[in-house]
Amino acid sequence: MGNMLLDVRGLQIGATIHPPGEKSRDIEIVKGVSFTLEKGRVLGLIGESGAGKSTIGLSSMAYGRGGVRITGGEVHVNGRDILKLSPRGLRAVRGAEVTYVAQSAAAAFNPAKKLMEQVTEAAVHHGRCSREEAEKRAVVLFKKLGLPNPETFGNRYPHQVSGGQLQRAMTAMALCPEPDLVVFDEPTTALDVTTQIDVLAAIKDAIRDTGVAALYITHDLAVVAQVSDEIMVLRHGEMVEHGETDQIINRPAKEYTKALVSVRSIEHQEKKPAAPVLTVNGITARYRGTNFDVLSDVNVSLAPGQTLAIVGESGSGKSTLARVITGLLPPSAGKIDFAGRTLSPTLAGRSRDDLRELQMIYQMADVAMNPRQTVGTIIGRPLEFYFGLKGEAKRRRIQELLDQIEMGAGFIDRYPAELSGGQKQRVCIARALAAKPKLIICDEVTSALDPLVADGILKLLLDLQKAEDVAYLFITHDLATVKAIADSIAVMFKGRVVRYGTKTEVLTPPFDDYTDLLLGSVPEMRLGWLEDVLSSRRMESAGN
Amino acid sequence: MHPILKLVLQRLALGCLLLVAASALIFAGTMILPGDVAQSILGQSATPQALANLRAELGLDVPPVQRYFDWLGGVLHGDLGTSLTNRLDIADTMGKRLGNTLFLAFWAAIISVPLAIFLGLLAVRYEGRWPDKLISGVTLASISIPEFLIGYVLIYFIAVKLRLFTTVAMINDGMSLGEKLNAIALPVIVLTLVVLAHMMRMTRAAILNVMQSAYIETAELKGLSSFKVIARHAFPNAIAPIVNVVMLNLAYLVVGVVVVEVVFVYPGMGQYLVDHVAKRDVPVVQACGLVFAAVYICLNMIADIVSILSNPRLRHPK
């Protein structure tokens with residue numbers, strides 16, 4: 001033991017689940033995981049969703065989310081088993097010895113209270129220092145984390161600052177009580193790549209300067225490689241591999257870790273430009289009641305059976321472009337040509353064939369399906385609506401579609417709640433395909449999925465493109481995805497297309513500033529990448 | 001203009017408009033009531049000539065639309081008209097009655113609102129356990145029993161058996177505050193029991209809803225005690241729905257106390273209204289209706305404005 005800060009032995013965590021229409025039953029989430037963490041070290045916990053990494057992170061505060069319970073094992077913090085503490089003793093640990101940084105800082109801050117009050121609350125509550133001292137410390141932390149106007153930053157309310165700033169403020173909140181251990185739960189997952197890199201650097205500096213130990217939870221191996229000293233790979237609640245970061249990244253021992261390291265294995269040959277099926281001509285659009293253009297003069301085109309990737313940060317107008325093309329938002333200028341005809345700007349003015357040939361797949365497969373309908377009903381709806389299929393013919397066609405998305409006959413009577421995230425997205429793909437479209441707009445379809453699952457979806461989309469000769473307008477902020485599947489790329493920034501051409505053209509230097517920043521911000525799976533990027537940026541800004 | 005000022009002004013304007021609409025409805029409603037004041041004053045044996053004279057004297061022969069605007073004009077000048085039956089100025093008589101009603105409502109509110117919110121917080125703290133069930137059970141039972149029954153039961157057990165407080169809640173100007181409070185103790189208890197459940201249930205539901213939020217988890221992981229988490233982090237975000245229900249119940253304390261006033265023979269607005277409906281005294285009924293409508297609209301407007309003010313996004317725009 002000695003200077004072990006955190007010592008987890010044989011941790012078992014369970015929960016009671018209540019599947020719809022079935023009896024409640026107990027499941028095991030974590031099945032006997034053990035690890036130790038020394039003072040000042042950073043351990044990365046990595047795995048897909050459902051691997052139990054967040055649950056393990058929270059167990060270091062003896063906390064279970066929802067119906068989650070710690071059913072066995074020991075969790076020693078600073079030499080005592082916190083699972084045996086009274087509620088009062090436990091509260092003395094939480095927020096003082098161990099603190100927590102949540103994935104979505106936007107939701108984790110109380111909207112009704114000023115940031116300063118929330119940042120200093122734990123330190124003051126636990127009597128670690130007076131309010132004045134805590135506020136002074138918070139300002140120092142704000143400065144260290146690179147927040148604007150650190151002196152007055154705390155006077156703002158959460159809704160008055162950006163997502164990246166909130167994530168840094170949450171880190172300040174976790175560090176303010178001078179804890180021994182901070183649990184970072186996917187702190188950069190919800191951010192744009194360009195923001196992620198700043199937050200990541202800020203977190204890394206803060207960890208180094210304060211000498212605090214950390215559990216860093218993420219599903220992105222490239223991110224965790226930048227901040228952690230050691231990595232533990234988890235799958236289905238069990239440890240797969242645990243070692244120094246260098247060993248895990250460069251010499252993984254287990255098959256699963258190798259798969260994680262080598263993810264994005266898709267090779268896609270760029271197709272030759274051809275006569276377009278979709279042409280977007282000088283589209284300018286704004287939302288009602290606002291006085292600025294969300295899109296200004298957007299010109300792109302897309303050939304049949306090819307993929308055009310639209311990339312950019314949140315707020316760059318990518319999804320708005322999709323809304324304009326589908327007719328949900330009539331543009332204020334410009335026109336859209338599709339399959340040899342000009343589309344009506346409004347949804348009401350479009351024919352049934354216009355609707356059929358232009359389908360959409362969304363980011364959140366969960367909310368894009370009616371939870372009360374079976375997979376068969378969901379896929380069968382476009383078959384009835386567009387082709388009037390009924391009875392046996394419809395059932396046969398649903399079966400074909402299910403085969404195409406590599407899901408068996410057993411799924412036809414299942415409900416969405418019984419499917420995994422990847423399966424749900426596959427059902428949405430089948431629903432879009434059922435209409436026999438010429439173009440499918442894919443809006444961040446893999447963003448909510450784990451890397452391995454996302455990889456499967458991308459492969460499926462490419463196979464389907466080959467078989468059905470359907471074009472994809474692929475909206476994403478993930479450049480790795482773009483490299484994997486695009487034939488041509490449009491980079492968007494503040495409602496304008498700043499760079500547009502075939503994949504090779506767009507991804508070959510010289511770059512414009514924004515594309516350079518975007519490409520440079522994608523985490524690479526090698527040690528020291530973060531430092532390299534930051535130092536090269538510093539040199540550039542010094543040179544200017 | 002600050003957006004919040006704009007919103008508040010909008011609400012105020014809307015409130016005024018609503019009040020005018022309510023006045024028209026009240027006037028129209030009393031117009032279509034069956035019966036005739038002149039007939040009820042003079043009795044069945046009155047001659048047609050006498051009836052016509054009295055109608056002319058009371059201004060009942062003027063067309064209704066003109067009468068409405070005359071009435072509305074008077075109201076805007078603070079003149080609610082004179083009672084048809086006893087020829088007294090309505091504003092004077094009603095002023096005293098309204099004062100009594102507000103006195104009763106005030107004390108009932110002072111007790112019931114904090115109690116309801118505290119019980120709501122307590123129910124959240126012990127959600128699903130026996131204190132929650134006990135609080136819910138008792139308050140639901142008290143709202144389910146008709147208020148006159150609660151009134152008589154309290155009179156029987158507290159006033160008659162235990163000889164505490166008085167059975168008849170008569171108050172007058174000569175009484176000291178202590179004597180007045182002693183007189184209205186029983187009706188205040190009845191009213192509290194009637195309005196408690198609504199407010200307590202809403203507080204509980206609104207806070208439980210907020211308790212699902214991620215920032216509550218953040219607060220728990222700071223090591224705060226459960227009650228602190230609820231009071232400091234959940235309650236401020238649940239104010240809007242709670243205030244709405246509180247205001248509805250306050251309105252009920254002013255407007256809906258007829259039964260309790262009758263049971264305890266309390267000289268408030270409710271009794272005043274009921275007496276004059278029986279006598280077909282239309283101006284009094286109209287005036288009472290208008291005052292009730294104004295109270296309702298005002299309290300709901302306050303609830304709206306408090307909801308707006310409690311939203312930090314509106315208070316502190318980007």
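## Second largest pocket

In this predicted model, 31 residues line the second largest pocket. Those nearest its centre are A:Y63, A:G64, A:R94, B:E220 and B:S226. Both chain A and chain B are therefore represented in that central group, with B:E220 and B:S226 coming from chain B. The volume of this pocket is about 880 Å³.

Four helices each give at least two residues to the lining. Chain A supplies α2 (87–93). Chain B supplies α5 (90–125), α9 (214–221) and α10 (226–234). Sorted by class, the lining of the second largest pocket holds 16 nonpolar, seven polar and eight charged residues.

## Largest cavity

How many cavities of 30 Å³ or more does the structure hold? There are two. The largest cavity encloses about 90 Å³ of space. Its lining draws on chain A through A:G95, A:T99, A:Y100, A:A122, A:M170, A:M173, A:A174 and A:P177. Chain B adds B:T218, B:L221 and B:K222.

Three elements give two or more residues each to this lining: β6 (98–101) and α7 (163–175) of chain A, and α9 of chain B. The largest share, three residues, comes from α7(A). By class, the lining of the largest cavity has seven nonpolar residues, three polar and one charged. Helix α9 of chain B thus appears in two linings: it also supplies at least two residues to the second largest pocket.

## Second largest cavity

The second largest cavity holds about 40 Å³ of space. Its lining residues are A:V311, A:L479, A:I489, A:V491, A:V506, A:L507, A:T515, A:L518 and A:L519. Strand β19 (488–493) and helices α19 (503–507) and α20 (513–520), in chain A, give two or more residues each.

Helix α20(A) provides the largest share of this lining, with three residues. Eight of the lining residues are nonpolar and one is polar. No charged residue takes part.

## A:R88 and A:V311

A:R88 sits in helix α2 of chain A. Helix α2 is also among the elements that line the second largest pocket. Is A:R88 buried or exposed? A:R88 counts as exposed, because its relative accessibility of 66% is over the 50% cut-off.

A:V311 belongs to the lining of the second largest cavity. Along the chain, A:R88 and A:V311 are 223 residues apart. In space, 50 Å separates their C-alpha atoms.

## Nonpolar patch on chain B

Which residues make the nonpolar surface patch of about 790 Å²? They are B:I145, B:F148, B:L149, B:Y152, B:V153, B:Y156, B:F157, B:V160 and B:V259. Helix α7 (residues 147–161) of chain B gives the largest share, seven residues.

B:F157 is one of the patch residues and lies in helix α7 of chain B. Its relative accessible area is 47%. B:F157 is therefore partly exposed, as this value falls between the 20% and 50% limits. The value also passes the patch requirement of over 30% relative accessible area, so B:F157 can meet that condition for a patch.

## Chain B overall

Chain B is built with 15 helices and zero strands. Its C-alpha trace spans about 85 × 60 × 35 Å along the principal axes. The chain has 318 residues, of which 44% count as buried.

Notes
Residues numbered from 1 in each chain as written. Chains lettered and ligands numbered in written order. Predicted model: local features only at pLDDT ≥ 70, side-chain atom pairs only at ≥ 80, totals over all residues. Heavy atoms only, no water. Patch = residues over 30% accessible without salt bridge, like charges linked within 9 Å, V, L, I, M, F, W, Y side chains within 5 Å. Areas by Shrake-Rupley, 256 points an atom, 1.4 Å probe, with all protein chains shown as cover. Salt bridge = Lys/Arg side-chain N within 4 Å of Asp/Glu carboxyl O. Buried < 20%, exposed > 50% of the residue type's maximum accessible area, 1.4 Å probe, protein only. 1 Å grid on protein atoms, 1.4 Å probe; cavity = no way out; pocket = protein on both sides within 12 Å on 5 of 7 lines; lining within 4 Å. Points joined across faces, edges and corners; volume = space filled by probe spheres on them. Nonpolar A, V, L, I, M, F, W, Y, C, P; charged D, E, K, R; others polar.
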